[in-house]
Amino acid sequence: MHFFSSRPLLCSLLLASPLAAIQLAALPLHAQATAQPPSPSGTQTTQQAAGQTTPSASTPPKPKIRPNDAGAPIPTRPDILRGAYGPYRANNDLLYYHLDIRVDPDTQTVTGKNTIRFSMLQDGTRIQLDLRDTLSIDKILLGDTPLKYTRDTGAVFIDFPQTLHSGQTYSIDFFYSGHPEETGRFGGMTFKKDPAGRVWINTACEGTGASMWWPNKDQWRDEVDSMDISVAIPNGLVDVSNGKFVARTDLGDGYTRWDWHVSYPINNYDVALNIGNYVHFDDKLNGDDKLDPLPLDFYVLPEDLDKAKVQFSQAKGMLEAYQHYFGEYPFAKDGYKLVEVPYAGMEHQSAVAYGNLFQNGYLGRDWTGVGISPRFDFIIIHESGHEWFGNSITAADSSDMWIHEGWTTYLEGLYVEYRWGKSDAIKYLNGLKPKIVNMRPIVAERGVNADPTEDQYFKGALMINTLRSVIDDDPKWLVLLHDFYQHFKYQNIMTEDVVAWWNQHTGQNLTPIFDQYLRHEHIPRLELLFGEAPGTVMYKWAVDEDKFAMPVRVGTPDHWQIIHPTTKWQTMQTQLSKDDFQVATDLYYVDVNKQ
Ligand SMILES: [Zn+2]
């Protein structure tokens with residue numbers, strides 16, 4: 001799972017296979033941080049993997065140092081070319097892709113083209129696209145005119161014979177072919193067999209980059225407004241991609257083309273192929289006076305159909321919960337899908353990848369170790385939460401990926417709150433604490449295809465829970481959550497946008513709080529000094545941010561009192577002894593130092 005991903009393999013969430021997660025979990029701490037993950041086994045199935053090792057159902061997770069927690073790796077040239085938003089990217093705005101490919105399971109190759117429509121934002125003769133250099137470029141055409149190009153690792157610089165003019169729209173056809181590299185355990189595109197030995201081909205490329213299997217402008221800042229996906233595969237197989245199913249056409253040569261249409265902006269890494277012997281069932285989420293019914297479509301292997309019909313019924317409650325807090329499911333025209341895959345899960349837009357063994361918790365385990373996670377299927381709840389935070393609202397640079405992961409992890413807590421109440425939500429979220437290492441700031445370096453620390457999930461969620469306590473007005477908090485999402489939906493934003501919005505809409509200067517949690521490795525520590533004078537305690541924050549000021553509840557749970565510490569010592573009266581004087585650390589993610 002996410003913990004165990006090493007840099008070349010990373011995806012936003014939980015890309016590791018159940019097998020790898022379980023195997024790595026059994027290693028001692030040092031080995032976890034340094035061991036290379038096992039190579040994928042083409043015939044290993046999630047079901048078999050679960051049967052090999054039974055993870056402890058109740059042991060709380062211990063703090064682990066994940067490979068990307070300790071420090072940022074030095075960016076490579078491919079990282080910079082892919083991570084930077086250089087002049088040949090900034091001079092154009094994506095409008096539309098039509099990815100039209102043929103996938104041959106026997107030769108494990110992809111052949112076809114991506115039609116890319118864009119408008120120029122300034123005059124120019126060159127643009128940058130991306131395609132991993134393991135794949136061949138067959139030709140790039142503007143109309144009938146072949147274009148010259150230069151490859152530099154994964155970047156493809158395309159030169160036009162005439163100036164492209166600002167404000168004009170252009171369309172090119174980028175033809176390519178080859179065998180997509182399977183990077184790491186699951187990264188990119190995998191040609192596997194399902195448990196019955198049938199073809200099972202999947203993509204999952206967050207982190208590794210979509211350009212490892214198809215040509216595109218492989219960055220996070222710019223998205224197409226809509227997309228068509230056409231996938232020709234041998235007759236008898238099914239392709240499930242993003243968006244709405246349009247048509248299935250027998251091509252007469254042993255192949256059938258599956259056409260899907262995406263009606264919304266979409267991240268490159270969300271674009272997915274799922275090719276296999278899928279069976280389909282469907283349902284719908286009933287509408288109400290404001291919302292139309294939402295089609296729900298589910299694709300699983302035939303032998304998992306009965307289990308899926310039970311487990312996937314959780315999708316409705318998930319959608320109801322998130323629609324309650326944030327408003328309509330963002331991709332209603334495309335419907336909502338769950339698609340069985342051979343890895344744990346991924347937030348592929350409107351076609352969420354699912355590999356959680358049709359069990360509650362995460363891979364059968366209690367994810368936060370406090371007895372709440374076994375009530376629901378972690379992958380359905382987490383990955384689908386990304387439809388709101390990650391797919392609808394997207395970070396403009398992977399450096400700020402906490403906007404996906406911190407928020408979506410907080411959404412898990414909201415789901416718990418919707419179903420079982422606030423107190424269970426607080427308990428669930430505080431169960432994340434042992435997963436946090438506080439070794440590296442959450443926001444990473446920009447422009448280098450950064451892979452942030454996995455604290456972005458857990459610390460990010462606990463920061464948001466802390467923000468709720470700072471605002472200290474639940475009805476107001478829920479309105480703010482809703483309005484925050486609605487304001488930024490379908491946009492690509494950065495941390496500064498988030499902070500500015502919260503400052504404006506709360507009337508408070510929350511910047512030092514956000515900065516302390518996001519831009520420093522240490523969390524705030526409340527210094528308490530007893531006994532300087534009888535019946536008093538002195539207090540202040542020990543933090544990196546000079547202007548840090550955050551209220552906090554102290555005293556006892558029956559009689560919390562809100563104090564307003566800053567970075568300067570203040571004194572308060574208390575009848576409580578040092579031992580009895582408590583801080584509400586389940587409502588504020590802070591350390592406490594009593595002296
Ligand atoms: Zn996630």
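1. Phe358 is buried because 21 other C-beta atoms lie within 10 Å, where buried stands for 20 or more other C-beta atoms within 10 Å of a residue's own, exposed for 12 or fewer and partly exposed for anything in between, with C-beta atoms placed from the backbone. The phi of Phe358 is near 55°, a positive value in a residue other than glycine, and Phe358 sits in the loop between β21 (352-354) and α8 (378-385). Helices (H or I, at least four residues) and strands (E, at least two) are DSSP runs numbered from the N terminus.

2. This is a predicted model, in which local features need pLDDT of at least 70 and side-chain atom pairs count only at pLDDT 80 or more, while totals for chains, interfaces and linings use all residues. Residues are numbered from 1 along each chain as its sequence is written.

3. The mean pLDDT of the protein chain, pLDDT being the predictor's confidence in each residue from 0 to 100, is 90, and 89% of the residues reach 70 or more. Over residues 1-58, however, the pLDDT is below 50, and this stretch has 123 contacts in the model beyond near neighbours in sequence, a contact being two residues whose C-beta atoms, placed from the backbone, lie within 7 Å. Where pLDDT is low, the predicted coordinates should not be read in detail.

4. Gln108 also deserves a look, since its phi is positive at about 55° although it is not a glycine. It lies in the loop between β1 and β2, a hairpin with four residues between the strands. With 15 C-beta neighbours inside 10 Å, Gln108 counts as partly exposed.

5. Around that hairpin, strand β1 (residues 92-104) and β2 run antiparallel and are joined by twelve bridges, two strands being taken as paired if DSSP finds at least two bridges between them. Arg102 has Thr111 as its bridge partner in β2, and Thr111 in turn has Ser177 as its partner in β8. Ten bridges join β2 (residues 109-120) to β8 (residues 169-178), again in the antiparallel sense, and Thr115 stands opposite Asp173 in β8. Strand β8 also pairs with β4 (residues 136-142), antiparallel and over five bridges, with Lys139 facing Phe175 of β8 as its bridge partner.

6. An open sheet of five strands has the order β9-β10-β11-β16-β13, with antiparallel pairing. Its edge strands, each pairing on one side only, are β9 (182-183) and β13 (238-239). Two bridges join β9 to β10 (residues 187-193), and Glu182 has Gly188 as its bridge partner in β10.

7. Helix α13 (residues 495-506) has twelve residues and reaches 17 Å from its first C-alpha to its last, close to the 16 Å expected at 1.5 Å a residue, the expected span being 1.5 Å times one less than the number of residues. Its buried residues are Thr495, Val498 and Trp502. Seen down the axis of α13, these buried residues fall within an arc of 65°, so they line one face of the helix; the arc is that of the directions from the helix axis to the C-beta atoms. The face turned away from the buried side carries the exposed residues Glu496 and Gln504.

8. As for the surroundings of α13, what covers its buried residues includes α9 (402-420), β23 (492-493) and α14 (511-519). The helix α13 is followed by Gly507, whose phi is positive, near 70°.
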